[in-house]
Structure formats: structure tokens, C-alpha cells
Amino acid sequence: MMKKTLFRTITLSVFSCLIFLTNAYSQDDELIAAAPFSEDDVQPNYHYEYIPDFTYDQIDKRIKAMKTDMPFELNDRIFSFIQYFTVRNRDYTKMVLARKDLFFPLFDATMRKHDMPEEIKYLSIIESGLDPQIRSRVGAMGLWQFMPATGRMYGMDVNPYVDDRMDPEMSTDAAAKYLKSLYRMFGDWEVAMAAYNCGPGNVRKAIRRSGGKKTFWEIYNYLPRETRGYVPQFQAMLYILNHLEEHNFHLEEPTYSPAYEKIRFDRVMTLDKLAELTNLCIPDLEKLNPSIKTRQIPEANRSMAIRIPKSKALFVKENLAWISDSLGNAPLDLAAGDKLIVQSVESIAEEIQRNGITYRVRSGDVLGTIASRHSVTVSQIRAWNGISGNLIRVGQTLTLYTSSVSNSGGIAQASTNSNGQRTYTVQPGDSLWIISKRHANLTVEQLKRLNNLNSNNIKPGQKLIIG
């Protein structure tokens, strides 16, 4: 038994000496003690990632060859951050690569609009990691990490429901304006970025303490500790994202910003109700509108534009009147076990359209005679056909809605109650505007008067007097 143990020990020692150990790249050239031999050491590493080696001189040559609006020179501080983001913390750089195509086109366009170096966009990587909803420990928010007071100074609203600091367009435009004002103040983009981080007051203090020096590296030792690393990190990212291949960074699945259009509904509303009316996904609406914190648009923000996916924008714009009217209704709240088939807005619009009749204008026709002939009002004809005045022409086609939709398709027909009043049962997706279109000689204001309504809010199952 003792011989077997001795043989195994000798064999293990000899085998260990034969293994070729490759030294990993280390920023500090630290000596790392060898771990005890284990069976895992000889197993294939299928998750190994090749990290190219590099020298200070190689990086220096690449930087000198870069054509940028913000040239910079390599030094030990910048080199250490290049090592950090390409060796030690590659995951952070990969995260940035996965997000950059969401925001860089917007950043480029904004910097061009303000006549600024496009390289300024890399500052957002250091500020937020390109996360529009990230919050710092001191309360700064968004891609450009604005504090509430500075955000309001640049026109961004901050309240419990909406925080414009998380709006990519508004915050990027505000950041460009702020950085440009700092550049005018100090005459140097590196110093302007330092002031963006620690405030212009701290930069002025550093300039005074340095004896009136003007460049970032001249006042470097007099700046707050965090700011000393801030600009070099920016310059490291500027280099890395322009030399991805050299450091074996390959983005396999880039994420692009979805196409959208901005639409104003001018309503106190919820994203839940908007999704219900338009068949949009709430996650899509939240992703396109990160500044909306609780899915609610309060009275103070009712005029804000909502980003709608491009694929749905045309439908929403064509049906804006009734969608806006219906947004005031509370979202459907079904009890557990209830089963309700909700019609899509497209099918409701089609039903309303089918209920309308087409009338071709003849010689001698005026809106008054056409309205009287079909028991509708002139204002209704104008509204249904987008006519602002009284002018119509021979051969023009008008759409008229002269009767309510039948029970087919799930829309309830008007009935008469015990008092002899005609009533209508509200259906899912209904609004006062839709109901008024289904019944001749009926307007939204008349509906509100007949039913003592103080707002446009109605709910499914509610009975409304219509005449």
C-alpha cells in the first residue's frame, strides 16, 4: 500500500512539471501563487476568451493615428484604464457595446446640431453605462446623470410620475447645451468635462490653486479625486470603441433603437389604457418612454408626446379622436374567472365604418339639405368628413352615420327603459365619441348632459341615456 502511494505521488509530481503554464496578462505584474493541482486543470476550457496582449507603445501609436475632433495624448493614467476595460472588466465594455446602437445615432445627431465634437458621446458611457433609468447614490438620473435642480434648469420636468432626465432625447439635448456652456466658460473640452463631473466651482478652485493653469492635466492634482479618474476613463473608452478588433471585442447581436413616432394625446392617461385601446405591448411602450415612471401621465404632463412604435403610428393617428376620448376611461378590471372577449380597435373602427353610408354630392346639394334628408346635423357631417366650412363639390363622397350598430359582432343595440328613454349599454373599448358616432343627432356634450356626466369617463356595462 505504501509503495502504491509513493508511486502515485512521484507520478503526480512529474506530470505537474510537464504542464505548460501560460502567464495571464496582469496590469500590475503581480506574482500569483500556484493553486493545488486538480483534475479540472487538465480539462478543456470551452469558455476561454482570448485577450490580446499589448504594450504601451502599441497603444500610443494607435492613438496618434486616430482622427478625432478631440485629440489626446496617452499617459500612464489613461493606459491603466485601457487595461482595466479591456482586461479586468471586459464585461462592462461588452455591456456598453450591446447598448451603444440604441443611443449613439441620437448622440451623433445632437452633437452635430450643437456643433460639438461627436466624441463627447462617450461621456455617457462613463456617466451611466448607457442605461437611461440608472440612478446614482446622490440622486442623479439618466444617461447623462442630471441632478433634479440642473435638470429643471434645462427644461426637464421631475415629479413622482414623470422624470424627463430619463428621456434620451431631452437629456442628451440638455447635456449638449450644458457641456457647450462649460466649454465657453473654460475654453477646453477636457476641462469642460471635468466641470460637468464636479461642477464649475471646483474647477475654478483647481485653476486658482494651480497658479492659473488652464488645461486638465495642468490642474489634475488639484481636482477632486473622482474627477481625476473621470476624464481618463472617457479617453480610454474613446480609444477602445475605436479599436475593438485589436482587443478581440465582437458584438454578435447588436440592439438597435426601434422606429417610433411621437404623438400627443393631451389627456391624463395611463399606458395600460393606451395599450388596451391600441393592442400595443406595455413593455414596448415603457421601453420607448423611459421617463414615465408609474405608467401614468398626470395633469401636469398631459401635453407630453408619447412615443408609439412606427408600425402602429398610422393607425393611432387616423383614430386619434376616439382613442384620445377613450383614454380617460379606466382600464378594464376583470374579476378572477371572468371571461371577456375584447374587440380590437381595428374591428370597432371597421364596424363603425360599415354602419356608415356613402353619399355622393349632386348638383344643388348643400350641407343643410343633406343633413335634413338623413336626420343628422351639419356639424356631424363636418366632423365625420373632416370639413371645416360649408363648401362641398359635385361628385364629392361623404360618409354619414345614420343608425346604431346591430348586435352582431358583440355591440349592444339601443333599448328603451321603463321611462320611455332610449338607453345604450357601454361596451369594452367604447368612448363617448364612439357612441355619439353610432347614433344620429347625438353629440358628446348631449350625452354628458343627458347622463349628468362631469367627465368623459365611462365603463363597460354602464347604461347611458341616448334620447
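## Helix H4, strand S4 and the salt bridges

At 1.5 Å a residue, the 24 residues of helix H4, which runs over residues 90–113, should span 34 Å, and because its end C-alpha atoms are 33 Å apart, the expected and computed values agree. The structure discussed here is a predicted model. Helix H4 also bends by about 55° at lysine 100, and it is followed by aspartate 115, a residue whose phi is positive, near 55°.

Helix H4 takes part in salt bridges as well. The count of salt bridges comes to 19, and three of them are set out below.

| Acidic residue | Basic residue | N to O distance |
|---|---|---|
| Aspartate 108 | Lysine 121 | 2.9 Å |
| Aspartate 173 | Lysine 113 | 2.8 Å |
| Glutamate 276 | Lysine 273 | 2.9 Å |

The salt bridge between aspartate 108 and lysine 121 links distant parts of the chain, since aspartate 108 lies in helix H4 while lysine 121 lies in the loop between H4 and helix H5, 13 residues apart. Both aspartate 108 and lysine 121 are buried.

Aspartate 173 and lysine 113 also meet in a salt bridge, and this pair joins helix H7 (residues 168–186), where aspartate 173 lies, to helix H4, where lysine 113 lies, across 60 residues. Aspartate 173 counts as buried because its relative accessibility is 16%, under the 20% cut-off, whereas lysine 113, at 59%, counts as exposed, being over 50%.

The third pair is placed otherwise: glutamate 276 and lysine 273 both lie in helix H12 (residues 271–278), 3 residues apart, which is about one turn of the helix. An α-helix has 3.6 residues a turn, so residues three or four places apart point the same way. Glutamate 276 is partly exposed at 22% relative accessibility, but lysine 273 is buried at 3%. Elsewhere, salt bridges that share partners join Asp167, Glu169, Lys262 and Arg307 into one network.

Arg307 belongs to strand S4 and points the same way from it as Ala305 and Pro309, while Ile306 and Ile308 point the other way, and all of these residues are buried. In a regular strand the side chains alternate between the two faces of the sheet. Strand S4 (residues 305–309) pairs with strand S1 (residues 260–264) in the antiparallel sense over 5 bridges, and arginine 264 stands opposite alanine 305 in S4.

Finally, a search of the whole structure finds 0 disulfides. Cysteine 198 is buried, with a relative accessible area of 16%, whereas cysteine 281, at 44% relative accessibility, counts as partly exposed.

Definitions and conventions. Residues numbered from 1 in each chain as written. Predicted model: local features only at pLDDT ≥ 70, side-chain atom pairs only at ≥ 80, totals over all residues. Heavy atoms only, no water. Helix = DSSP H or I, 4+ residues; strand = E, 2+ residues; numbered from the N terminus. Expected span 1.5 Å × (residues − 1). Bend = angle between axes of the 7 residues up to and from the residue. Disulfide = S-S within 2.5 Å. Buried < 20%, exposed > 50% of the residue type's maximum accessible area, 1.4 Å probe, protein only. Pairing = 2+ DSSP bridges. Salt bridge = Lys/Arg side-chain N within 4 Å of Asp/Glu carboxyl O.
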